[in-house]
Amino acid sequence: MQKLILDIIEEPVHLVSRTMINIDEELCDGCGACISPCVEGALELVDGKAKVIRDELCDGAGFCIGVCPTGALSLEVREAEPFSETAVTEHKATLNLNYIPQICTNCGVSEETAYLIPVKHKGDSIWFCTKCLPKLIHG
Ligand SMILES: [Zn+2]
């Protein structure tokens with residue numbers, strides 16, 4: 001068994017042997033396709049490679065595996081921190097703080113209540129809802 005050298009931690013973490021996502025950095029091209037299927041937000045791109053940012057956020061369900069176009073993701077059984085619902089809830093709360101919904105450039109409706117479509121305009125992406133877009137197209 002691998003020994004981990006831990007400096008100062010307040011509570012000792014008891015590692016358990018469980019199914020985790022393994023990411024082959026050689027195969028990962030950093031496309032980020034695996035990030036949104038992960039409901040726990042356990043995956044992030046770090047220096048252009050997908051990473052499990054904290055073991056306790058990964059439940060090993062493997063929803064990310066099927067979407068990887070390069071086959072970089074697989075399941076492995078290894079020593080890891082136990083999956084923590086509490087950690088997931090806290091982590092998601094911080095993700096939501098950074099989340100700013102897009103609004104329709106024309107009528108101001110939010111993506112929370114309408115479908116928005118990006119349109120290129122003078123090098124920028126602007127967003128229109130499905131009601132305003134036809135008006136834009138037909139002048
Ligand atoms: Zn609109």
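What follows is a chat between a student and a tutor about this predicted protein model.

Student: Before we start, what kind of model is this?

Tutor: The model is predicted, so local features need pLDDT of at least 70, side-chain atom pairs count only at pLDDT 80 or more, and totals for chains, interfaces and linings use all residues. Residues are numbered from 1 along each chain as its sequence is written.

Student: Cool. How many helices and strands are in the protein chain?

Tutor: The protein chain has two helices and six strands. Helices (H or I, at least four residues) and strands (E, at least two) are DSSP runs, numbered from the N terminus. Starting at the N terminus, the order is β-β-β-β-α-β-β-α.

Student: And which domains is the chain divided into?

Tutor: Domain 1 covers 16–97 and domain 2 covers 100–139. Those bounds come from an automatic or database domain assignment. Taken over C-alpha atoms, the centres of domain 1 and domain 2 are 32 Å apart.

Student: What's the radius of gyration of the protein chain?

Tutor: The protein chain has 20 Å, while a compact globule of 139 residues would have a value near 14 Å. The radius of gyration is taken over C-alpha atoms, and the globule rule is 2.2 Å times the number of residues to the power 0.38. Along the principal axes, the C-alpha atoms fill a box of roughly 70 × 35 × 25 Å.

Student: How much of the chain is buried?

Tutor: Buried residues make up 18% of the 139 residues. A residue is buried if 20 or more other C-beta atoms lie within 10 Å of its own, exposed if 12 or fewer, and partly exposed in between, with C-beta atoms placed from the backbone.

Student: Which residues have the most contacts inside the largest nonpolar core?

Tutor: They are Ile21, Cys34, Ala42, Leu43, Cys58, Cys64 and Leu73, in a core of 17 residues. β1 (16–23), β3 and β4 (73–80) each supply at least two residues of this core. A second, separate core has five residues, including Leu116, Phe128, Cys129 and Cys132. A nonpolar core here is a set of buried Ala, Val, Leu, Ile, Met, Phe, Trp, Tyr and Cys residues joined through C-beta atoms within 7 Å.

Student: Why would a core form from nonpolar side chains?

Tutor: In soluble globular proteins, nonpolar side chains tend to be buried together.

Student: What is Cys64 in contact with, leaving aside neighbours within four places in sequence?

Tutor: Cys64 is in contact with Ile21, Cys34, Pro37, Cys38, Leu43 and Leu73. Contact means that the C-beta atoms of two residues, placed from the backbone, lie within 7 Å.

Student: Now Gly60. Where does Gly60 lie?

Tutor: Gly60 is in the loop between β3 and β4. It counts as partly exposed because it has 16 C-beta neighbours inside 10 Å. Setting aside neighbours within four places in sequence, Gly60 is in contact with Arg18, Thr19, Met20, Ile21 and Leu75.

Student: What about Ser36, buried or exposed?

Tutor: Ser36 counts as exposed, with 12 C-beta neighbours inside 10 Å. Its place is in the loop between β1 and β2. Ser36 and Phe63 are 27 residues apart in sequence, and 9.6 Å apart in space from C-alpha to C-alpha.

Student: Switching topic: how many bridges join β5 to β6?

Tutor: Six bridges join β5 to β6, and the two strands run antiparallel. Two strands pair if DSSP finds at least two bridges between them. In β6, Trp127 is the bridge partner of Pro118, and Asp124 stands opposite His121.

Student: What do β5 and β6 form?

Tutor: They form a hairpin with two residues between them, and Lys122 in the turn has a positive phi of about 50 degrees. Lys122 counts as exposed because it has 5 C-beta neighbours inside 10 Å.

Student: Which sign does phi mostly have in residues other than glycine?

Tutor: Most residues other than glycine have a negative phi. Asp47 has a positive phi, near 50 degrees. Asp47 lies in the loop between β2 (43–46) and β3 (49–52), and with 7 C-beta neighbours inside 10 Å it counts as exposed.

Student: Last one: how many residues of α1 are buried?

Tutor: Zero of the 13 residues of α1 are buried, so the helix lies largely in the open. Helix α1 covers residues 85–97 and reaches 19 Å from its first C-alpha to its last, close to the 18 Å expected. That expected span is 1.5 Å times one less than the number of residues in the helix.
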